[in-house]
Amino acid sequence: MVRPRAEQDIRPLLAILRAVHWPNDPARWLVGTGTLGAWVVHREGALAGHVALTAAAAGRAWPEWHQALGVAPERLAVLRRLFVHPDVRRGGLATRLVAHAEREAAARGLHPVLDVAADGSDAAAFWERRGYRRAGEARLPAGDEGRALRVLLLVSGRAPYPGSPAPSGQTL
Ligand SMILES: CC(C)(COP(=O)(O)OP(=O)(O)OC[C@H]1O[C@@H](n2cnc3c(N)ncnc32)[C@H](O)[C@@H]1OP(=O)(O)O)[C@@H](O)C(=O)NCCC(=O)NCCS
């Protein structure tokens with residue numbers, strides 16, 4: 001089941017995050033800024049994963065994103081903070097979370113984009129399978145992540161909402 005993140009989810013999400021990734025200030029990293037929505041997924045009654053959708057303007061907004069899609073930056077929605085507990089991966093939970101966030105973006109007429117660590121092969125495989133394509137690369141200064149990072153800039157290869165053509169271009 002995918003549902004909106006609630007205040008009482010923060011503590012169990014931080015426990016999952018400890019097994020996945022540990023930024024400088026995990027609670028701040030998780031909650032972020034400019035959030036349009038955040039969702040959690042359960043598996044067998046236990047919290048198992050999380051994704052957030054944020055406005056592109058609040059935080060990083062790479063020009064490659066809107067250039068690749070040919071839309072104004074205000075029409076972007078950034079998928080962030082996607083993680084699934086290591087014990088329950090490859091069970092379709094991230095797919096359900098992201099599909100939910102994509103529907104939320106589409107309902108607002110927004111195009112999903114994201115950046116992902118260039119060395120994260122699991123994540124790259126996931127996004128490729130989901131139809132995302134590469135719009136460029138960038139270097140993220142050491143900040144919340146605690147270290148400088150090379151990131152791939154990805155945009156959705158799917159139509160943002162019914163009737164809108166999918167953008168063409170290279171895949172990941
Ligand atoms: C990336 C991540 C969120 C995927 O979660 P998940 O619930 O395992 O993903 P799904 O089960 O929905 O995977 C859907 C498809 O993506 C691809 N995929 C997912 N993980 C993969 C992996 N490790 N290797 C290769 N392909 C993978 C597969 O095609 C998979 O379908 P299949 O299992 O039928 O072959 C999870 O591995 C994770 O939390 N990683 C650490 C945090 C992270 O990197 N987050 C992304 C930041 S942008």
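Look at helix H4 first: Leu93, Ala94, Leu97, Val98, Ala101, Glu102 and Ala105 are buried there. Here "buried" means that 20 or more other C-beta atoms lie within 10 Å of a residue's own, "exposed" means 12 or fewer, and "partly exposed" is in between, with C-beta atoms placed from the backbone. Those H4 residues cover an arc of only 160° around the axis, which puts them on the same side of H4. The arc is taken from the directions that run from the helix axis to the C-beta atoms. Go round to the other side of H4 and you find Arg103 and Ala107, which are exposed. As for its length, H4 has 15 residues that should span 21 Å at 1.5 Å a residue, and its end C-alpha atoms are 21 Å apart, which agrees. That expected span is 1.5 Å times one less than the number of residues in the helix.

Before going on, a word on what you're looking at. This is a predicted model, in which local features need pLDDT of at least 70 and side-chain atom pairs count only at pLDDT 80 or more, while totals for chains, interfaces and linings use all residues. Numbering starts from 1 along each chain as its sequence is written.

What sits over the buried side of H4? The cover includes strand E1 (2-4), strand E2 (35-43), strand E3 (46-55), E4, E5 and H5. These labels come from DSSP runs numbered from the N terminus, with helices being H or I runs of at least four residues and strands being E runs of at least two. The protein chain has five helices and seven strands, and from the N terminus on they run β-α-α-β-β-α-β-α-β-α-β-β.

Helix H1 (residues 10-20) can be read in a similar way, with Leu13, Ile16 and Leu17 buried. Seen down the axis of H1, its buried residues fall within an arc of 105°, so they line one face of the helix. Turned away from that buried side, the face of H1 carries the exposed residues Arg11, Ala15, Arg18 and Ala19. The buried residues of H1 have a cover that includes helix H2 (26-31), E2, E3 and E4.

Now for the core. The largest nonpolar core has 41 residues, and those with the most contacts inside it are Trp65, Leu97, Ala101, Val113, Leu154 and Val155. Such a core is a set of buried Ala, Val, Leu, Ile, Met, Phe, Trp, Tyr and Cys residues joined through C-beta atoms within 7 Å. Take Val113: leaving aside its neighbours within four places in sequence, Val113 is in contact with Ala56, Trp65, Leu76, Val78, Leu154, Val155 and Ser156. A contact means that the C-beta atoms of two residues, placed from the backbone, lie within 7 Å. Over the protein chain, 65% of the contacts between residues at least 6 apart in sequence join residues at least 24 apart. Buried residues make up 32% of the 172 residues in the protein chain.

Helix H3 (residues 63-69) is where you find Gln67, and Ala68 lies in H3 too. Gln67 is partly exposed, because it has 14 other C-beta atoms within 10 Å. Ala68 is buried, because it has 21. From C-alpha to C-alpha, Gln67 is 8.3 Å from Ala135 in space, though they are 68 residues apart in sequence. Ala68 and Arg133 are 65 residues apart in sequence and 9.5 Å apart in space, again C-alpha to C-alpha.

On to the ligand. There are 19 residues around the ligand, and Arg89, Ala94, Thr95, Ala123 and Ala125 come nearest. The elements giving two or more residues to this shell are strand E4 (76-84), helix H4 (93-107), strand E5 (111-117) and helix H5 (121-129). H5 provides the largest share, five residues. To be near the ligand, a residue needs its C-beta atom, placed from the backbone, within 6 Å of it. By type, the shell divides into eleven nonpolar, four polar and four charged residues. Ala, Val, Leu, Ile, Met, Phe, Trp, Tyr, Cys and Pro count as nonpolar, Asp, Glu, Lys and Arg as charged, and the others, Gly among them, as polar.

Finally, check the backbone. Most residues other than glycine have a negative phi. Arg81, in strand E4, has a positive phi of about 55° although it is not a glycine. With 20 C-beta neighbours inside 10 Å, Arg81 counts as buried. Glu44, in the loop between E2 and E3, has a positive phi near 50°. Glu44 counts as exposed, with 6 C-beta neighbours inside 10 Å.
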